[in-house]
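Visitor: Please take one part of this model and look at it closely. Start with the aromatic side chains, then work outward to whatever surrounds them.

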Amino acid sequence: HMLITIPKYLKSPQLICEKLDISSEELSSILSTLERCQLIRSEPKGYKLLSETLHVGQDSFLSRMNAAAFRQLAIEYQRRHRDKRDYYFTATISANEETRQRIHQKFLEFLKWTSKEVEKAKPEDVYQIGFDLFKVTS
């Protein structure tokens with residue numbers, strides 16, 4: 001749904017087909033779903049965006065499934081694309097609970113800052129950000 005938040009795709013959604021390498025039938029199905037979810041509304045000159053954000057909260061039962069789906073997309077993207085502007089980072093660390101809590105707090109601060117930056121930005125493309133912080137051992 002994020003491409004439809006970009007004005008040129010909202011006005012001319014058929015451009016999404018080339019961007020995502022999908023058929024017009026697939027796009028039609030996606031747009032219908034977004035309409036049923038009341039995220040967009042069809043209008044004579046394209047679509048009207050009804051909600052710019054769609055976030056699955058940490059406490060939602062869908063949260064883990066949503067995160068896993070995006071991780072899988074990231075893995076597929078990394079395998080197919082080589083763009084020097086992309087940045088990937090994974091680390092396994094040893095620390096203590098106090099340090100884990102401080103790292104978690106910094107993640108949350110970064111997410112607040114990111115949200116403010118995104119609100120100010122003119123939407124031109126879609127990017128993926130993902131963070132994981134979990135204990136590897138039992």
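**The aromatic cluster and beyond**

Guide: Start with four rings: Phe 107, Phe 110, Trp 113 and Phe 131 form one aromatic cluster. Rings of Phe, Tyr and Trp (its six-membered ring) pair when their centres lie within 6.5 Å; planes under 30 degrees apart are stacked, over 60 edge-to-face, and the rest tilted. By that rule the count is three aromatic pairs. Centre distance and plane angle are what describe such a pair.

A word on the source. This is a predicted model, in which local features need pLDDT of at least 70 and side-chain atom pairs count only at pLDDT 80 or more, while totals for chains, interfaces and linings use all residues. Residues are numbered from 1 along each chain as its sequence is written, and side-chain values use heavy atoms, with hydrogens and water left out.

Now take Phe 110. Phe 110 sits in helix α5, residues 97-120. Helices (H or I, at least four residues) and strands (E, at least two) are DSSP runs, numbered from the N terminus. Phe 110 has 35% relative accessibility, so it counts as partly exposed. The classes are these: buried is under 20% relative accessible area, exposed is over 50%, and partly exposed lies in between (1.4 Å probe, protein chains only).

Phe 110 also belongs to a nonpolar surface patch of about 560 Å². Its partners there are Leu 108, Leu 111, Trp 113, Ile 129 and Phe 131. Patch residues have over 30% relative accessible area and no salt bridge; like charges are joined within 9 Å, and nonpolar side chains (Val, Leu, Ile, Met, Phe, Trp, Tyr) within 5 Å. The areas come from the Shrake-Rupley method with a 1.4 Å probe, and for residues only the protein chains shown count as cover. Phe 110, Trp 113 and Phe 131 are named in the cluster and again in the patch.

Stay on α5 and turn to charge. The structure holds nine salt bridges. Each is a side-chain nitrogen of Lys or Arg within 4 Å of a carboxyl oxygen of Asp or Glu. One of them joins Glu 97 and Arg 100 at 2.9 Å, N to O. These two are three residues apart in helix α5, so about one helical turn separates them. Glu 97 is partly exposed at 44% relative accessibility. Arg 100 is partly exposed too, with a relative accessible area of 29%.

Another bridge ties Glu 98 to Arg 102, the closest N and O atoms again being 2.9 Å apart. Here the spacing in α5 is four residues, about one turn of the helix. Glu 98 is exposed, at 55% relative accessible area. Arg 102 is partly exposed, at 46%.

A further bridge reaches away from α5. Lys 19 meets Asp 125, with the closest N and O atoms 3.3 Å apart. This pair links distant parts of the chain: Lys 19 is in helix α2, Asp 125 is in the segment after α5, and their positions lie 106 residues apart. Lys 19 is partly exposed at 41% relative accessibility. Asp 125 is partly exposed at 34%.

Lys 19 leads back to α2, and α2 leads inward. The largest nonpolar core has 15 residues. Such a core is a set of buried Ala, Val, Leu, Ile, Met, Phe, Trp, Tyr and Cys residues joined through side-chain atoms within 4.5 Å. Ile 4, Ile 16, Leu 27, Leu 31, Leu 34 and Ile 40 have the most contacts inside it. At least two core residues come from each of α1 (7-11), α2 (15-20), α3 (24-36) and β2 (46-49). The largest share, three residues, comes from α3. In soluble globular proteins, nonpolar side chains tend to be buried together.

Leu 27 shows the packing. Not counting residues up to four places away in sequence, Leu 27 touches Pro 13, Gln 14, Ile 16, Cys 17 and Ile 22. Contact means heavy atoms within 4.5 Å. Pro 13 lies in the loop between α1 and α2. It is buried, at 9% relative accessibility. With the same sequence exclusion, Pro 13 touches Ile 4, Leu 27, Leu 31 and Tyr 47.

Finish at two loops. Asp 21 lies between α2 and α3. Its phi is near 55°, a positive value in a residue other than glycine. Asp 21 is exposed, at 71% relative accessibility. Gln 38 lies in the loop between α3 and β1 (40-43). Gln 38 has a positive phi of about 60°, and it is not a glycine. It is exposed, at 60% relative accessible area. Most residues other than glycine have a negative phi.
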